[in-house]
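Colleague: Got a minute? I'd like to go through this model with you, one bit at a time.

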Amino acid sequence: MKTPEELFVYNCWYNAGWASEIEDGKPLARTFLEKPVVMYRGESGNYVAMDNRCCHRAAPLSLGRIEGDCIRCMYHGMKYDSEGKCIEIPGQDLIGENFVVPSYPLVEKSGMLWIWMGDSELANPDDIHDYAPLSDPAYVGLEQQIHYDANWMMIIDNLADFSHLAFVHPNTLGGSEEYAYQSTHQDIEKYYNGFQWTRWHKNSAPPPYHSVVSPEGEAKVDRRNVVTIYTPGVFFMETTFAPVGWDPDSGDTDKVREYRNCQFMTPETRSTTHFWWCYMRNYDLDNEATTISLRDSLLAGFMEDKVLIEQQQVLLENSEPFQPRMLTADRPFMHFRKVWDRMIKEEREKYPRKEIKIRNAII
Amino acid sequence: MKTPEELFVYNCWYNAGWASEIEDGKPLARTFLEKPVVMYRGESGNYVAMDNRCCHRAAPLSLGRIEGDCIRCMYHGMKYDSEGKCIEIPGQDLIGENFVVPSYPLVEKSGMLWIWMGDSELANPDDIHDYAPLSDPAYVGLEQQIHYDANWMMIIDNLADFSHLAFVHPNTLGGSEEYAYQSTHQDIEKYYNGFQWTRWHKNSAPPPYHSVVSPEGEAKVDRRNVVTIYTPGVFFMETTFAPVGWDPDSGDTDKVREYRNCQFMTPETRSTTHFWWCYMRNYDLDNEATTISLRDSLLAGFMEDKVLIEQQQVLLENSEPFQPRMLTADRPFMHFRKVWDRMIKEEREKYPRKEIKIRNAII
Amino acid sequence: MKTPEELFVYNCWYNAGWASEIEDGKPLARTFLEKPVVMYRGESGNYVAMDNRCCHRAAPLSLGRIEGDCIRCMYHGMKYDSEGKCIEIPGQDLIGENFVVPSYPLVEKSGMLWIWMGDSELANPDDIHDYAPLSDPAYVGLEQQIHYDANWMMIIDNLADFSHLAFVHPNTLGGSEEYAYQSTHQDIEKYYNGFQWTRWHKNSAPPPYHSVVSPEGEAKVDRRNVVTIYTPGVFFMETTFAPVGWDPDSGDTDKVREYRNCQFMTPETRSTTHFWWCYMRNYDLDNEATTISLRDSLLAGFMEDKVLIEQQQVLLENSEPFQPRMLTADRPFMHFRKVWDRMIKEEREKYPRKEIKIRNAII
C-alpha cells in the first residue's frame, strides 16, 4: 500500500473548512491527509492547528481545554502553546526539548480556513486560492459542507468534464442530454498548477436549478460555464445565463444572471474526502427563498454525483486493478493528474520520507 | 492472500440466480468470483452480462440505461452493445479499439440463469447442470434465495455429509439423533466433476418437515436420500419417503412420496456466497399450504446451517490456521475438494494469470 | 503484523471473568489472546476450557451440548472429554490420536475464573493473584464487567499514574486539579512481575464518589491510595479516607473508611480488552443504596477513561507510528512494560513458535 507521502503533497494550502465551523472555546478534530489534526481559535482570535495526539500518550487534544491561545491535554494536564511546544507538565518541573506536537499554519481568508501540512517555513498566505466572491457583497450564498466516501481525485475527475451533466443531472444541474452532444470544452488553458476551460451551450433550455428561481422565466438562454481547478482540490466556476445571442464582450448585463461557485476537496484519507462549497448569485440578493432553492438544487445535484462516485470507489477497491480509458474530454483532468504526480515526485525528492523508529511503544 | 484465480475456476457454468430476479428494463448488479457484474435482459429477450465497470471510469453500469440490447453508462453516456463493445461516446466520434468491457455468456435454462466467467469461446450451454424437475409439471416448489457470509466450500462440506441432520436439524429436516448412528452413506460414486451417494434410513420416524404435510401421517417410514454434487456449486437431491419395507426396484409407488431439491452455491467472494434453491414435491400439487409449509421448513433448516457455518467462517478467519481432521464420512467431500484443486491447477497452467499494468490511474 | 506470540505471554494465569457469568448447562464463548475459547461448568462442578473450534471442521463448540463433564459438538456429534480428547464420533468407531482440541486449565477462586493459556504442565493454581477481599465478609461490592475497544496495555498505563484523576475524573473519582500538582507517587516498589506505589493527598476535599455516600460528610480528608499491578493485567488498590492528620501507624480506625478495588484486564485481541472489576467498602455493609451509588460512581469514572482510551487506540492505529514521551510519573508503567517484554522474550526462547502447516484446508 502506498504511504501518505506517495499520495499527497504537503507543501501547499489545503482548505480546512469554514471558520464558522469552529465554535469558541471548543477544539475541533479533523483528519487531513490521513493525519489527525486538532483545530481551535485561541482567545486572541488566532487560529491554531496541531497534531491531535498529545506527545505523551497520543491522547486526543480535541478533548482538551483551550487556555488563552494554548491547549491543555485533559489526560494528564500537559499544556501546549500555539506552536505545539509543551510548556507545562503538572507535577513535573523539567520539560524535555522533544516534548512537542507538530503544528501547522492555519489561516482564515474570506470566512474559510486554510492549513499548510508541510514545512511551515515555506507557508506564504499569499499563495492561498482565496475566492473573492465569498467576501464580495455583490454575491450571496450559503456555507455548505458534505463528506465523500471516495478518493478526492474522483471528484476532480467529475468536475473536470461537464458532459456528465447531461446524464447524471438532467433534472437538477444539467438539462437535456443534448448538452453532452452539442457543447464541448473550449479555450482549455493548462496551468502549472491546474487548468481552465469554458463551455458554451447556446440557445438551449435553462437547467432546472436556474429556471425555478430565475426572475426572467426564459424559455431559451445562452449558458456559459468557466471552470478553473487548481491543486490541491480547488474548484471555481463562473456561470452566466444570458439572452440568446448575447455578446459577452458587449458589456451588456441586462437580463444577464451571474453565479459564482467554489468547491474545495481536501483529502481526509485516501478513500474519504472533505467537501466544502458555496453557490452564489448576483441578483435578488435579499430573496431568501431563492437562496434556499439554489442551495437545495445544488445539493440534490451533488448527491447524484456522490451516489455514483462512491460506487466507483467501491468498484475500484473491491476488484482487480482498473485501467481507465481516456476520452478527448479528459485532457484537462489528465493534465491535472500529471501536475499532481509531478508535485509529489518533486516534494519526495526534496523531502525524503523519514523512517520513524519507535524506541518504546505503549502498546 | 490468494488471488481469485487461485481460488476459482473460470471456465465452467456458475448459477447466476433466478431469471425472475431480473426485472424488465432494470440492470442488476451482482458479484461473482469477486468480480462485479451487471446483468440485464435486452429488449430482444436475450440476457446480457458484462463487467459492472464502465471502461472509461469504472462507473457502475448497473446505474445505466438499457437501450435495445445495449446499455448506456449514465455517467458520460458511453453506450455498449451486448458484447461489451463501446459503440457511442457523446461528443466524440472516434472510439478506440480497446473501449471494451469484458462480457460473459449468460443463458437461461429452466428458469435459472447460468454465467460463464471464463473464455467465452469455450462456453457450451449443453454443459449446464440443468435440473429437469424445475421444468417438469409433475413437480411444484418455490424459487428461493439466501445469502451466506461464508466461503461456498463450507456449504458443500455441509451438504456432503448428512450426519449433521441428526444434530443441527433434529426439529426440522432431521429427526432423531439415531440417524447419525444407524445410517451411513452408501453407494458412493466419484465423478471427475463431483460425486453421488445414497443414504437409507429405514423404519424410522419421518422428519418434522415431512410429517407435518404428509397426507399419510406415517408413524414410520423408509427414507432414502440420493445426493449428487457437481462442480462448481451444484447440489441435487432425490428424497423418497416410502412405507416400511418398500422395495425400490418393485416399481410400486403407492404411498410413496417424492421430493426433488436443487441448491446452487456460487461464490460471491472468498467469504460470501450466493445460494439459490428450490424444494419440490410430486403430490398435492395444488395445495398451496403444503407448498408454503415445505418452503418454511426448509428455510428454517437452512437457517440452522447458516448460523453454524457463518460462525465457522469467523472462527477460521480470526484465529490461527486450522488443520481439519477428516472422518470416514468426509470421503465424498475430500474427493470434491481434490477435483476442485485439480481444476484450478489445470486452468492456471493453460491460462496463466495476466499481470495488469496500469498506465494512468485515476486515483 | 506481529503474531500473538510476540504480543502475549501464555504461561501465566489470566482472569477469565466471574464464575457467575457461566450459566449451568450453557457453554460460553470468549476470546483470550486472539484465541477463541469455550468455557463451561461440567456436571461435576468442575470448570472446563478448550479451543472453541471442533477439530473436525472448526464448528463452534459453544453451540454444543454439555454431557457430564464432556461437551458434544452439535454439528456432526463429536464428543470431547474435559481435556479436549475426542471420545465419540457418531457412525465411526475409530478415533484418530490427533482428534483433540487444545484444552486449558480453568480454576475458580473467590468467585472469579482464571485460565492458563500455555503449557498446562506448568500451571500452578497457587500462582493465581487471588484477591482476598472478594471472599472477605468484612467487604461488600458488586461483580462488574465492561469491554474496551482498546489494547489492554493502555488501561495499565492509565492505572499506573493517578495524575489523570485530576483531569479526567474531576467530578467522579478525582476531585480538584490540585491533586495532580500536589500529590505524587511515593514508595514506588518494583517487583519482578509488577509494581506498587502509594499516593497521599492530605487535607483535601474528598472526591465526589466518596462524599456522596460517606457517613461523616467530611469537608477535608487525608486520602491514601496504595496501588499494586501485576502481570498480566491484575490491578489491586487499597484506598483509605481518614480524618486530616491521621497517623496510619496509630492503629486508629475511628472515622477511617476503607475501600478495596480489583480490576482485571485480559486481552481479548490486540485491540480489544475484557475488563472485570469490583469496588468494595468496609462500612454500612447492608446499605444497598451505598452499594449502588459506589458502583455507579465508579462506572461513570471508568466510562470517562474508556472514551479517552478508545480514542487513543484509534489515533494510534490510524496514523503514522507514535513515539511516546515518558514522564517521571511513568516510571512504574515503564517498569511494567519492560517486565512484559522480558517475559515474552523468555517464553519465545523456551517455546519457539511452531509453524502450522495445513495439509488439506476446507476453504
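Colleague: How many residues does each chain give to the contact of chain C with chain A?

Modeller: Chain C puts in 29 residues and chain A puts in 29 residues. In contact means that the C-beta atoms, placed from the backbone, lie within 7 Å. Bear in mind that this is a predicted model: local features need pLDDT of at least 70 and side-chain atom pairs count only at pLDDT 80 or more, while totals for chains, interfaces and linings use all residues. As for labels, residues are numbered from 1 along each chain as its sequence is written, and chains are lettered from A and ligands numbered from 1 in the order in which they are written.

Colleague: Which elements give two or more residues on the chain C side?

Modeller: Those are α2 (152–160), α3 (165–168), α4 (178–182) and α6 (288–317) of chain C. Helices here are DSSP runs of H or I with at least four residues, strands are runs of E with at least two, and numbering goes from the N terminus. The largest share of that side comes from α6(C), with five residues.

Colleague: And by class, what does the side of chain C that touches chain A have?

Modeller: There are 15 nonpolar, nine polar and five charged residues. Ala, Val, Leu, Ile, Met, Phe, Trp, Tyr, Cys and Pro count as nonpolar, Asp, Glu, Lys and Arg as charged, and the others, Gly among them, as polar.

Colleague: Switching to chain A, what does the domain assignment give?

Modeller: Domain 1 (9–126) and domain 2 (136–344), with bounds from an automatic or database domain assignment. Taken over C-alpha atoms, the two domain centres in chain A are 33 Å apart.

Colleague: How many residues of each domain of chain A are in contact?

Modeller: 13 residues of domain 1 touch 14 residues of domain 2. On the domain 1 side, β1 (13–18) and β2 (28–32) of chain A give two or more residues each, and β1(A) gives the most, five residues. That side has seven nonpolar residues, five polar and one charged.

Colleague: OK, helices in chain B. How do the axes of α2(B) and α6(B) cross?

Modeller: Helix α2 (residues 152–160) and helix α6 (residues 288–317) of chain B have axes that come within 10 Å and cross at roughly 130 degrees. Axes are lines fitted to C-alpha atoms, for helices over the stretch in contact, and angles run from 0 to 180 degrees between N-to-C directions.

Colleague: Why are they called oblique to each other?

Modeller: Under 35 degrees counts as roughly parallel, over 145 as roughly antiparallel, 65 to 115 as roughly perpendicular and the rest as oblique, so α2(B) and α6(B) are oblique.

Colleague: Which residues make that contact?

Modeller: B:Met154, B:Ile155 and B:Asn158 from α2(B), with B:Asp305, B:Ile309, B:Gln312 and B:Gln313 from α6(B). They divide into three nonpolar, three polar and one charged.

Colleague: Back to chain C: what is the strand order in the open sheet?

Modeller: Seven strands in the order β12-β18-β17-β16-β15-β14-β13, with antiparallel pairing. Two strands pair if DSSP finds at least two bridges between them. At the edges, β12 (144–148) and β13 (185–191) of chain C each have a single partner strand, so one side of each is left without a neighbour in the sheet. From one strand to the next, the twist averages 15 degrees.

Colleague: How many bridges join β15(C) to β16(C)?

Modeller: Nine, between residues 221–230 of β15(C) and residues 234–242 of β16(C). C:Arg223 stands opposite C:Phe241 there.

How values were computed. Two residues are in contact if their C-beta atoms, placed from the backbone, lie within 7 Å.
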